[in-house]
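Thanks for sharing this one. Here are my notes, set out point by point so you can follow along in the viewer.

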Amino acid sequence: MTLDIKICGLKTDAAMAAALAGGASHVGFIFFPKSPRYVEPAEAGRLREAARDKALAVAVTVDADDAFLDEIVARMQPDMLQLHGSETPERVAELKACYGLPVMKALSISEPADLQRIKPYIGVADHFLLDSKPPMGSQLPGGNGVAFDWRILAGLDDGVEYMLSGGLNAANIGDALRQANPPGIDVSSGVESAPGVKDPALIEQFFRAVGAARDDRAA
Ligand SMILES: O=C(O)c1ccccc1N[C@@H]1O[C@H](COP(=O)(O)O)[C@@H](O)[C@H]1O
């Protein structure tokens with residue numbers, strides 16, 4: 001089975017090179033101004049060129065208005081939108097129709113009942129990103145480096161296209177893959193040396209840990 005791997009919050013050529021060298025299927029850019037991973041749309045447009053025909057470039061937005069989305073789409077030319085705010089199914093459908101891009105809807109999970117929140121988006125969103133809830137007082141809706149109880153995902157209906165996200169790193173990705181067996185994974189702060197500072201060596205370590213966990217499962 002293939003495993004999608006998204007390295008999110010890229011801001012430098014070195015981090016992009018490490019993500020692509022490791023075999024990332026998706027690379028993500030954060031357009032949330034309060035985030036230490038924020039990147040200007042034009043700079044993301046420059047960085048994403050390295051990923052053309054190699055990995056899907058994902059624009060991560062949080063309840064963005066139409067003008068900001070127009071700017072991001074024009075300057076970055078994303079392959080996919082990730083909606084990480086409280087966008088309704090109607091807003092997801094509207095943005096899909098407007099830009100003709102696949103949409104990944106992020107939803108936060110902390111208990112089994114949270115899986116019910118996926119239902120209204122089925123048939124509307126193309127993919128889901130299941131992340132942990134932000135800790136109390138956090139300014140960020142994602143990128144907090146906090147994991148949730150992956151066993152909750154056992155209650156997920158088969159066939160839901162999702163990426164597991166939240167607090168993943170080289171040390172815990174093996175357990176995450178064993179417990180949840182997700183079709184995709186997404187990492188950001190777990191491959192950073194400081195908030196917003198991607199470390200190419202940690203990105204490489206993450207890919208090695210994924211490979212080792214997958215080899216173990218195949219053996
Ligand atoms: O990373 C951010 O700063 C961010 C800001 C606003 C919305 C989403 C954000 N990040 C998303 O959260 C996941 C998980 O991050 P982490 O691995 O727990 O640090 C990240 O990959 C982005 O998709």
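1. A word on terms before we start: helices and strands here are DSSP runs, with at least four residues for a helix and at least two for a strand, numbered from the N terminus. Please also keep in mind that this is a predicted model.

2. Let's begin with the annotation. An unreviewed UniProt entry lists residues 5–208 as "domain: N-(5'phosphoribosyl) anthranilate isomerase (PRAI)". In the model, that span is 27% helix and 22% strand, and its end C-alpha atoms lie 12 Å apart.

3. Now for the overall architecture. The strands form a closed barrel of 8, in the order E1-E2-E3-E4-E5-E6-E7-E8, and the pairing is parallel. Neighbouring strands of this sheet are turned by 30° against each other on average, direction ignored.

4. How do the two ends of that strand order meet? Strands E1 and E8 pair in the parallel sense over 4 bridges, with Lys6 standing opposite Asp186 in E8. On its other side, E1 runs parallel to E2, joined by 3 bridges; here Ile7 has Val27 in E2 as its bridge partner. To get from E1 to E2, the chain passes through helix H1 (residues 13–22), and this β-α-β crossover is right-handed.

5. Is E1 enclosed or open? Of the 5 residues in this strand (residues 4–8), 4 are buried, so E1 is largely enclosed by the rest of the structure.

6. Strand E5 is worth a look as well. Strand E4 (residues 80–83) and strand E5 (residues 103–109) run parallel and are joined by 3 bridges. Two residue pairs to find in the viewer are Gln82 with Met104 and Leu83 with Lys105. Between these strands the chain goes through helix H4 (residues 89–99), again in a right-handed β-α-β crossover.

7. E5 also pairs with strand E6 (residues 127–132), in the parallel sense and over 6 bridges. There, Leu107 stands opposite Leu130 in E6. Because 5 of the 7 residues of E5 are buried, this strand is largely enclosed by the rest of the structure.

8. Finally, the ligand. Which residues are closest to the ligand? They are Cys8, Ser35, Gly142, Gly143 and Ser189, out of 26 residues that surround it. The elements giving two or more residues to this shell are strand E2 (26–30) and strand E8 (184–187). By class, the shell has 14 polar, 9 nonpolar and 3 charged residues.

Technical notes:
Residues numbered from 1 in each chain as written. Predicted model: local features only at pLDDT ≥ 70, side-chain atom pairs only at ≥ 80, totals over all residues. UniProt positions renumbered as here; feature names shortened; annotations may be inferred. Pairing = 2+ DSSP bridges. Axes fitted to C-alpha atoms, helices over the stretch in contact; angles between N-to-C directions. Near = placed C-beta within 6 Å. Nonpolar A, V, L, I, M, F, W, Y, C, P; charged D, E, K, R; others polar. Buried ≥ 20, exposed ≤ 12 C-beta atoms within 10 Å, placed from the backbone. Right-handed = clockwise from strand over helix to strand, strands pointing away.
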